[in-house]
Amino acid sequence: MHAEIPGRIAIDEALAIIRAVAAERAPAPERIALRRAEGRILAEDIIAPIALPPFDNSWMDGFALRHADLAACPWPPRMRIAGAQYAGMDPGRPLESGCCVRITTGAALPAGADTVVIKEDVREDDGWIELGHLPEPGADIRRAGEDVMAGERLLGAGQVLTPARVSLLAALGIAGIAVAPRPTVAVFTTGDELVEPGMPLPPGRIYNSNRDLLMGLLRQHGLEPTAWPTLPDETERIRNQLEDAAAAFDLVLTCGGVSAGEKDFLPDFLAAHGKVHFWKVRMKPGMPVLFGQRERALFLSLPGNPVSVLATFLALGVPLLDGLQGRREPRLRWHARLAGPWRKTHGRHEFLRGRLQPGADGIVRVAPNAADASHRLRGAAESDALIVLPEGERAYAADEVVEILPY
């Protein structure tokens with residue numbers, strides 16, 4: 001008999017509970033090298049230590065000069081080449097009056113120079129250049145600080161370190177940063193019916209697909225999960241292994257064993273030895289999902305059907321991982337138009353598999369997959385997004401806008 005646990009809740013309520021519980025577990029930041037920071041969550045604000053660019057420099061290959069000197073030249077203006085300034089060189093002495101300096105892209109402007117004329121716009125002859133037209137004052141110069149001013153706040157705690165953001169930090173000379181530690185994750189699959197891929201398949205048994213699905217989803221999100229052996233449908237062995245995992249990991253993810261069957265032991269285990277935050281959410285697929293904790297570990301126990309694993313991980317697991325890492329930057333919410341009509345015949349919040357169809361007209365459509373049962377893994381493999389349909393029965397028309405979760 002299962003413990004008395006509150007019944008089904010709405011998915012918004014489940015998400016609120018997940019975020020509140022995760023926010024209570026704010027681990028101390030860790031400092032890492034910038035080269036290892038891609039995908040991590042910042043745990044500090046970033047204030048620019050220098051300007052970008054740090055000095056005035058040339059936008060193009062050409063010649064640096066004083067624009068005022070051109071006014072003193074007869075037409076067509078001619079100027080003597082007084083030297084060369086290449087990228088990486090100290091600007092050296094100031095520019096001589098009435099002269100120009102050969103300069104390459106990114107090279108610092110010599111003192112006194114305020115304009116660059118590109119090499120294609122001049123004729124070079126025996127140490128002199130002749131201009132075919134007058135450039136605008138300040139032409140083809142990148143000014144110090146035009147991208148970033150020293151002292152600017154560029155990034156904040158809780159933002160994701162994308163490759164472009166990591167590159168920005170590198171350009172500022174920052175070699176190490178504080179980030180939120182990634183949670184340690186243990187992955188369990190449960191059930192006497194499971195057989196590992198590559199082994200003979202006895203009658204009445206199925207291959208274990210959920211472990212690879214869940215491990216792959218976790219790795220996609222930058223984590224390094226640990227796979228535990230499949231749990232048998234034996235109460236004592238389940239309890240022992242889960243106790244071990246709860247003492248060593250931040251998060252324990254399980255697949256199966258959360259419904260109302262005689263061998264679904266996980267709700268009773270958490271109710272008796274830990275705490276249940278919720279059990280059963282008004283969603284399809286994945287209704288029996290369970291969220292609780294035991295000692296240091298949080299437990300997110302997903303149903304056994306593979307499509308339920310996919311839906312509950314994307315809908316609830318990802319927000320939990322974000323919360324545990326202090327992510328404050330909202331994930332993008334994607335929308336598409338339905339490629340055809342669809343009738344929703346139940347009241348639960350649904351995550352329907354669909355195939356994205358980007359159009360040349362700039363409109364993304366999504367075609368629902370008719371194989372919508374939670375055990376039909378092929379439908380998930382042929383799809384690339386979940387179509388999010390809120391609670392309530394209703395008919396959806398072709399071209400109606402719906403939210404999607406690409407995967």
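The following questions and answers go through the sheets, helix packing and selected residues of this predicted model.

User: What kind of model is this, and what pLDDT do local features need?
Analyst: Residues are numbered from 1 along each chain as its sequence is written, and side-chain values use heavy atoms, with hydrogens and water left out. The model is predicted; side-chain atom pairs count only at pLDDT 80 or more, totals for chains, interfaces and linings use all residues, and local features need pLDDT of at least 70.

User: Which strands are the edge strands of the open sheet that contains β13?
Analyst: Helices (H or I, at least four residues) and strands (E, at least two) are DSSP runs, numbered from the N terminus. Two strands pair if DSSP finds at least two bridges between them. Six strands form this open sheet with mixed pairing, in the order β16-β13-β17-β21-β20-β18. The strands that pair on one side only are β16 (226-227) and β18 (275-279).

User: In β17, which residue is the bridge partner of V185?
Analyst: β13 and β17 are joined by five bridges in the parallel sense. β17 (residues 251-255) also pairs with β21 (residues 297-302), again parallel and over five bridges, and there L298 of β21 stands opposite L251. The bridge partner of V185 in β17 is L251.

User: Which residue of β16 is the bridge partner of A186?
Analyst: β13 and β16 run parallel and are joined by two bridges. Within this pairing, the partner of A186 in β16 is T226.

User: How many residues of β13 are buried?
Analyst: Buried means under 20% relative accessible area, exposed over 50%, and partly exposed in between, with a 1.4 Å probe and protein chains only. From β13 (residues 185-189), V185, V187 and T189 point one way, while A186 and F188 point the other way, and all are buried. The strand is mostly covered, and its buried residues number five of five.

User: At about what angle does helix α6 run to β20?
Analyst: Axes are lines fitted to C-alpha atoms, for helices over the stretch in contact, and angles run from 0 to 180 degrees between N-to-C directions. Helix α1 (residues 11-23) lies across β18, β20 (290-294) and β21, and runs at about 150° to β18. Helix α6 (residues 266-273) lies across β17, β18, β20 and β21, and its angle to β20 is about 40°.

User: How are α4 and α7 oriented to each other, roughly parallel or roughly antiparallel?
Analyst: Angles under 35 degrees count as roughly parallel, over 145 as roughly antiparallel, 65 to 115 as roughly perpendicular and the rest as oblique. Helix α4 (residues 210-220) packs on helix α7 (residues 306-324) at about 30°, with the axes 11 Å apart. The two helices are therefore roughly parallel.

User: Which residues of α7 meet α4?
Analyst: Contact means heavy atoms within 4.5 Å. From α4, the residues involved are N210, L213, L214, L217 and L218, and in α7 they meet P306, V309, L310, F313 and L321.

User: What orientation do α5 and α6 have to each other?
Analyst: Helix α5 (residues 235-248) packs on α6 at an angle of about 55°, and their axes are 11 Å apart. I238, R239, L242 and E243 of α5 make the contact with L266, F269 and H273 of α6. Because of the packing angle, the orientation of α5 and α6 is oblique.

User: Is K275 buried or partly exposed?
Analyst: K275 lies in strand β18. Leaving aside neighbours within four places in sequence, K275 is in contact with L270, G292 and Q293. At 47% relative accessibility, K275 counts as partly exposed.

User: Is Q325 buried or exposed?
Analyst: Q325 sits in the loop between α7 and β22 (334-338). Not counting residues up to four places away in sequence, Q325 touches I41, A180, P181, R182 and P183. With a relative accessibility of 8%, Q325 counts as buried.

User: Which strands stand at the edges of the sheet that contains β4?
Analyst: This open sheet of six strands has mixed pairing and the order β7-β4-β6-β5-β9-β8. Each edge strand has a single partner strand, so one side of each is left without a neighbour in the sheet; these strands are β7 (115-118) and β8 (122-125).

User: Which residue of β6 does A64 stand opposite?
Analyst: Strands β4 (residues 62-65) and β6 (residues 99-103) pair in the antiparallel sense over three bridges. The residue of β6 opposite A64 is V101.
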